[in-house]
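Got your viewer open? Load the model, switch to cartoon, and let's take a walk through it.

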Amino acid sequence: MTSNPVRSQPVRVVLTDVSTAVVEAWRAAFSDTPEIEIRKGSLLDVTADAWVSPTNSRGRMDGGTDAAVKRHLGAGIQLRVQRAIRDRFGGTLPVGSAVCVPSGAVVPKFLIPTPTMEASSQNISETLNVALACAAAFQAVHQQNSRAPGSIGSVALVGMGARTGRVPARVCANLMWTGYTLFNEHAFADFDDLRSTVLAQLDDLEAAPVTERVRIDPARRGAPRR
């Protein structure tokens, strides 16, 4: 499950959601990252090499974005996702991990499920799961491009946890910013490294206001910077 932490070429990132509140919160949170494309609309309408689908640890695509993606790509996508989770993680995908599977379609070529919750429809509004899931999704893109350079040149994400996870739009946006920035400022060897880096600082992070953007300092394991 390890990967070379040296980064590949930049990937086009699109944030898209049908919720006006989420889109507006993204525009505020990502105001200093103009390379990110933000749009209002369905993930299913975005032309990208990979779609990121917030999921649960078992890969049951039975709600929210997961269910819409399964209807769009066909029931076989859930079988591929759960097979990947079984083969690589023993059947349970931890929060802060992701799998990248062929979609069976032309667009997208890949689906990247990353859990924001352990069970379906779990309330994650008081957790940092969105930041972990967002960082894990970009780690999965990096791993795929390490295996097959250039195979993912663009990726689209929705508002993670903003629907079934009941995460407020502003919190969702700031945690996704944290996950994106975390990944771009620190090269992780694998998902275990990603999780341990965040969890080592979890007490300090949880003490910060959930509406505040938090950037983890890769040079210091003891405290986050803001």
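For this tour, contact means heavy atoms within 4.5 Å. Helices (H or I, at least four residues) and strands (E, at least two) are DSSP runs, numbered from the N terminus. The model is predicted, so to speak of local features we need pLDDT of at least 70, side-chain atom pairs count only at pLDDT 80 or more, and totals for chains, interfaces and linings use all residues. Residues are numbered from 1 along each chain as its sequence is written, and side-chain values use heavy atoms, with hydrogens and water left out.

**Stop 1: helix 1**

Select residues 20-29, which make up helix 1, and show side chains. Val22, Val23, Ala25, Trp26 and Ala29 are its buried residues (buried is under 20% relative accessible area, exposed over 50%, partly exposed in between, with a 1.4 Å probe and protein chains only). Look down the axis: these residues fall within an arc of 165 degrees, so they line one face of the helix (the arc is taken from the directions from the helix axis to the C-beta atoms). On the other side, Glu24 and Ala28 are exposed.

What do the buried residues of helix 1 pack against? Add strand 1 (12-17), strand 2 (37-40), strand 6 (154-157) and helix 5 (169-185) to your selection: those are the partners.

**Stop 2: the sheet**

Now hide the helices. You'll find an open sheet of six strands, in the order 2-1-6-3-5-4, with mixed pairing (two strands pair if DSSP finds at least two bridges between them). Strand 2 and strand 4 (101-102) are at the edges, each with a single partner strand, so one side of each has no neighbour in the sheet. Zoom in on strand 3 (residues 50-56) and strand 5 (residues 110-117): they run parallel, joined by seven bridges. Ser53 sits opposite Pro113 of strand 5.

**Stop 3: aromatic rings**

Bring the helices back. Searching the whole structure turns up four aromatic pairs (rings of Phe, Tyr and Trp, the last by its six-membered ring, pair if their centres lie within 6.5 Å; planes under 30 degrees apart are stacked, over 60 edge-to-face, and the rest tilted). Pick Phe89 and Phe191: the ring centres are 6.3 Å apart and the planes are at 55 degrees, so this pair is tilted. Phe89 is in helix 3 (residues 76-89) and Phe191 in helix 6 (residues 191-199), 102 residues apart, so to finish, follow the chain from one to the other. Phe89 has 17% relative accessibility and counts as buried; Phe191, at 1%, counts as buried too.

Last selection: Phe30, Phe138, Tyr180 and Phe183, which ring pairs link into a cluster.
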